[in-house]
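Here is a short report on the domains and the ligand surroundings of one model. The structure comes below, followed by the text.

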Amino acid sequence: MLKINKYPKIGIRPIIDGRLGGVRESLEEKTMSMAKAVAELFKKELKYPDGKPYECVIADSCIGGVKEAVNCEEKFKAENVGVSLSVTPCWAYGTETMDLDPHIPKAIWGFNGTERPGGVYLAATLAAHNQKGLPAFGIYGKDVQDLNDGDITEDVQEKLLSFARAGMAVALMKGKSYLAIGSVSMGIAGSAVDPDFFQTFLGMRNEYVDSTEVLRRIEKGIYAKEEYEKALAWTKKNCREGEDYNEEEKQRSREQKDEDWEFVVKMTLIIRDLMEGNPKLKEIGFGEESFGHEAIVSGFQGQRQWTDFLPNGDFSEAILNSSFDWNGIRSPYLVATENDALNGVSMLFNYLLTNTAQIFADVRTYWSPEAVERVTGWKPEGRAENGFIHLINSGSATLDGSGRQTRDGKPVMKPHWEITEEEVEDCLEATTWYPASLGYFRGGGYSSNFLTKGGMPVTMCRINLVKGIGPTLQIAEGWSIDLPENAHNTLDARTDRTWPTTWFVPRLTDDVAFSDVYSVMNNWGSNHAAISYSHIGKDLITLASMLRIPVCMHNVAPGEIFRPTAWNSFGMDKEGSDYRACQTYGPLYKG
Ligand SMILES: C[C@H](O)[C@@H](O)[C@@H](O)C(=O)CO
Ligand SMILES: [Mn+2]
């Protein structure tokens with residue numbers, strides 16, 4: 001992950017009834033202690049992509065009126081606050097104290113304690129936000145608490161954390177780049193980078209580098225030589241080369257294959273350097289190249305042109321998307337294969353909400369139970385009984401996706417700071433690097449192959465651009481599954497057995513798009529999806545609402561959906577109100 005010098009902070013605004021002479025004085029301690037308790041919760045539960053705890057900034061004083069609100073605003077600006085949370089146990093004066101910044105996610109927690117009307121301030125100020133077109137999230141506990149009760153109840157914690165995670169994702173994207181290396185891959189519309197989408201919906205920049213820049217740097221030696229030697233040695237030791245399935249007469253010679261390893265290792269260093277820069281390049285006389293492109297996510301076109309004569313990008317994409325390399329365990333660098341920028345953003349959303357590496361995949365095949373039985377003789381049972389979806393793409397599936405990391409004995413994908421050296425070895429051990437299929441990749445190279453362990457809760461998502469609507473988000477929570485070995489081998493062999501496979505089963509619901517597994521694939525809006533560990537659908541929905549991106553498909557329970565309260569004013573049907581609200585408010589950074 002791009003090294004970020006100054007992470008955005010969460011600003012906490014203790015709101016108080018400004019009446020001196022008794023009322024305010026009686027509430028100062030309670031109000032400020034709410035703010036401190038929330039800051040402690042965020043620091044304890046939430047981490048930046050580098051593993052450090054979230055930083056919070058609390059206003060210097062409680063905010064009882066506009067002067068203190070402005071003082072707070074000035075402090076937040078100086079402290080690089082990117083998310084704003086107001087907390088209060090009492091009545092206060094909405095429009096005099098509210099946060100009016102139109103570009104940062106905001107929420108208000110009104111303490112449910114009836115000695116003072118915290119809930120009334122919450123409702124009044126949310127109404128003000130709605131009247132002013134500044135959507136805000138409302139947080140209000142289910143059960144009344146005693147005024148001197150300093151605990152944050154479970155239900156309030158859950159909303160505070162969901163809001164903070166999604167709000168921080170919005171803040172982390174802002175001002176960072178999507179770096180396109182190359183252009184449109186094989187007519188994939190998602191590769192046609194739409195700068196207006198990045199700018200107005202995500203507040204992101206677009207950087208473009210022709211693929212020849214990678215070749216230039218290889219040929220001119222614009223990479224850190226020492227690191228290259230270390231990387232090549234690590235690769236030879238840890239990346240097992242598989243059998244060459246190409247036709248005998250077409251196979252690349254051993255010498256060519258060794259050159260391919262050298263080439264793809266250099267590509268990997270160079271793509272990373274293009275994303276985040278590398279001070280070592282300045283030491284060897286390449287000052288401009290040492291800066292990089294501030295890319296929080298990138299895409300490599302690869303196919304075609306490049307791969308028609310040069311080794312493919314699969315090794316680079318897979319290693320960069322993983323949580324480790326020759327320098328050890330580290331946060332992943334998000335790289336979308338085929339330069340599918342929309343899938344790159346989908347990976348980015350997942351990553352910023354979980355700090356875990358991402359699987360990029362084609363949503364390739366729906367296998368009905370009948371077809372599976374016909375082809376393999378195995379009648380799907382258990383979670384597979386209604387059929388399953390084959391997720392597979394050459395290249396940018398993280399090796400963490402092999403499911404070789406564990407927590408309580410179960411397969412998981414972890415934030416990098418929880419991963420052990422043994423788990424890195426297991427992920428590498430589970431991966432075979434086959435000589436690339438020369439039919440697709442005429443220039444050779446290698447493809448990563450692994451089989452995702454079943455039993456992992458996962459979430460598949462995808463941003464699509466739809467003319468007339470703009471971006472929409474679709475989400476499918478489900479699980480990875482295991483197939484009997486012979487069934488896997490038979491089905492996988494019908495596809496591209498040198499690529500990484502995840503067998504996926506979505507959770508079915510009564511909704512039409514989730515009525516059966518076939519419908520999930522049939523309703524998927526693109527060839528690609530980004531797959532994250534754990535069920536993060538509700539956080540994705542919260543994030544999408546902050547960005548005013550409507551959600552066209554999801555299997556999250558209605559009671560889990562958390563959006564700004566303004567959405568309620570657009571009707572009781574959750575999906576329609578989402579579309580109407582997003583359309584009314586328009587992109588967050590529409591200017
Ligand atoms: C067959 C193509 O070359 C592959 O790249 C294809 O499987 C894709 O991934 C298209 O998204
Ligand atoms: Mn693809």
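The protein chain splits into domain 1 (9-173) and domain 2 (177-585), with bounds from an automatic or database domain assignment. The model is predicted: local features need pLDDT of at least 70, side-chain atom pairs count only at pLDDT 80 or more, and totals for chains, interfaces and linings use all residues. Residues are numbered from 1 along each chain as its sequence is written, while chains are lettered from A and ligands numbered from 1 in the order in which they are written.

The C-alpha centres of the two domains lie 36 Å apart. Their contact takes 23 residues from domain 1 and 24 residues from domain 2; contact requires C-beta atoms, placed from the backbone, within 7 Å. On the domain 1 side, α5 (154-173) is among the elements that each supply at least two residues. That helix gives the most, with ten residues.

Ligand 1 is surrounded by Ile188, Gln303, Glu338, Asp362, Asn393, Ser394, Tyr440 and Asn527. Being near means a C-beta atom, placed from the backbone, within 6 Å.

An unreviewed UniProt entry lists Glu338, Asp362 and His528 under "binding site"; such annotations may be inferred rather than shown by experiment. They spread over 191 residues of sequence, yet their largest C-alpha distance is 10.9 Å.

Two of these positions compare as follows.

| Residue | Strand | C-beta neighbours inside 10 Å |
|---|---|---|
| Asp362 | β13 (residues 359-367) | 20 |
| His528 | β22 (residues 528-533) | 25 |

Asp362 counts as buried because it has 20 such neighbours; the cut-offs are 20 or more for buried, 12 or fewer for exposed, and partly exposed in between. Beyond four places in sequence, Asp362 touches Ile392, Asn393, Asn527 and His528.

Technical notes
Two residues are in contact if their C-beta atoms, placed from the backbone, lie within 7 Å. Helices (H or I, at least four residues) and strands (E, at least two) are DSSP runs, numbered from the N terminus.
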